[in-house]
Amino acid sequence: MKNRYIPFGYRLSEGVIVPHDREAEMVRLIFRQYISGESYSRIAAMLEKAGQPYSEGSRWNKNMVGRILQNRKYTGQDGYPKLVTEDEFRQSALLQQAKYTRKDIHTAPKITALKRKVFCGECGSPYERILDNRTGEKWKCKNTGCRPTTKITDTLLTGQIISLLNLAVENPQRIEIPDIVSRCHDLEITRLTNEINRELDKTDCDEEYARILIIARAAAQYESCTDSLLPQKAREIKAAFESRKLLTQFDAELFECAVDAVVIQPDGTVSLKLKNGQSLENRPERRAIPC
């Protein structure tokens, strides 16, 4: 059985990731067909008609095709065997960006949902949406000192978000239910408590300084407390993913329920920080490699 954390096109051989002959050729075909002008949907239909399954029990759809076209690992990144050239990947990315500059009648709901939650993976600053009459909409880092600044269109951004959400829709067991673990006594809280007591014991107590210390201790106590709501949040998120079928468009309700932040990396790849503190990304970090 294929390990679900290994991207389509690869397989494990004696603990080493190598190209999967049939799937690797399908990846190359997808890039060639898209560069030649075919759409996600037509490529998916072509693969279905040819009887080439995505995986056992899974039919091809345009989101699967999009995920493959947006996965830079196929160029040899992160130590994966190269299946396509940098030039092919770049041509594909440029075509996607050019297509996604078209007006989208469903823009308003998703823009409202995204505006507060998109951040730069390089410096942590918020991303802002810019409208340009010549080139269409773009998202870019608000930090003018962040270089290089990755610009991304609405649809390219939401396309990656949809692909990531579909990972959890397909496999809700990905959602981790955290345990509640009490943290050890915090030394900073002890220090602030002692400082407060010393100040209050003074005959000439500085009430303003004591108030500042009390606020600082309250903040430290809040930070040291485990969020007891996280398991409940995780269960709610998991239930929301379990109730969905594979997404074909941006689901603002699911996004608001599950996602705390969207993080854009310098290479244009996107990851999601979920409200249970978990990250959702197209990386096989928890891949189980046999001994």
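**Helix packing and strand pairing in the predicted model**

Helix 6 (residues 154–170) lies across strand 3, strand 6, strand 7 and strand 8, and runs at about 55 degrees to strand 7. The structure described here is a predicted model. The four strands beneath this description belong to an open sheet with the order 3-6-7-8 and mixed pairing. Strand 3 (118–120) and strand 8 (279–280) stand at the edges of the sheet; each has a single partner strand, so one side of each is left without a neighbour in the sheet. Within the sheet, strand 6 (residues 259–264) pairs with strand 7 (residues 270–274) in the antiparallel sense, over 5 bridges. In this pairing, Val259 is placed opposite Leu274 of strand 7.

Another strand pairing involves strand 1 (10–13) and strand 2 (residues 16–19), which run antiparallel and are joined by 4 bridges. Ser13 stands opposite Val16 of strand 2. The hairpin formed by strand 1 and strand 2 has 2 residues between the strands, and Glu14 takes a positive phi near 55 degrees there.

Two packed helices are described by the angle between their axes and the distance between the axes. Helix 1 (residues 21–35) packs with helix 2 (residues 40–49) at an angle of about 140 degrees, and the axes are 10 Å apart. This angle makes helix 1 oblique to helix 2, and the crossing of the two helices is right-handed. On the side of helix 1, the contact involves Met26, Leu29, Ile30, Gln33 and Tyr34, which meet Tyr40, Ile43, Met46 and Leu47 in helix 2. By class, the contact of helix 1 with helix 2 comprises 8 nonpolar residues, 1 polar residue and no charged residues.

Helix 1 also packs with helix 3: the axes of helix 1 and helix 3 come within 10 Å and cross at roughly 95 degrees. Helix 1 is therefore roughly perpendicular to helix 3. Val27, Ile30, Phe31 and Tyr34 of helix 1 meet Val65, Ile68 and Leu69 of helix 3. The contact of helix 1 with helix 3 divides into 7 nonpolar residues, with no polar and no charged residues. Ile30 and Tyr34 of helix 1 thus take part in the contact with helix 2 and in the contact with helix 3.

Helix 3 (62–69) in turn packs with helix 6, the helix that lies across the strands of the open sheet. The axes of helix 3 and helix 6 come within 10 Å and cross at roughly 120 degrees. The two helices are therefore oblique to each other, and helix 3 passes helix 6 in a left-handed crossing. Asn63, Met64 and Arg67 of helix 3 make the contact with Ile162, Ser163, Asn166, Leu167 and Glu170 of helix 6. By class, the residues of the contact of helix 3 with helix 6 divide into 3 nonpolar, 3 polar and 2 charged.

The structure also holds 7 aromatic pairs. One of them is formed by Phe8 and Trp60, whose ring centres are 5.3 Å apart and whose planes stand at 80 degrees, so the pair is edge-to-face. This pair links distant parts of the chain, 52 residues apart: Phe8 lies in the segment before strand 1, and Trp60 lies in the loop between helix 2 and helix 3.

Note on methods:
Residues numbered from 1 in each chain as written. Predicted model: local features only at pLDDT ≥ 70, side-chain atom pairs only at ≥ 80, totals over all residues. Heavy atoms only, no water. Axes fitted to C-alpha atoms, helices over the stretch in contact; angles between N-to-C directions. Parallel < 35°, antiparallel > 145°, perpendicular 65-115°, else oblique. Left-handed = near helix turned anticlockwise from the far one by under 90°. Contact = heavy atoms within 4.5 Å. Nonpolar A, V, L, I, M, F, W, Y, C, P; charged D, E, K, R; others polar. Pairing = 2+ DSSP bridges. Phe/Tyr/Trp six-rings, centres within 6.5 Å; stacked < 30°, edge-to-face > 60°.
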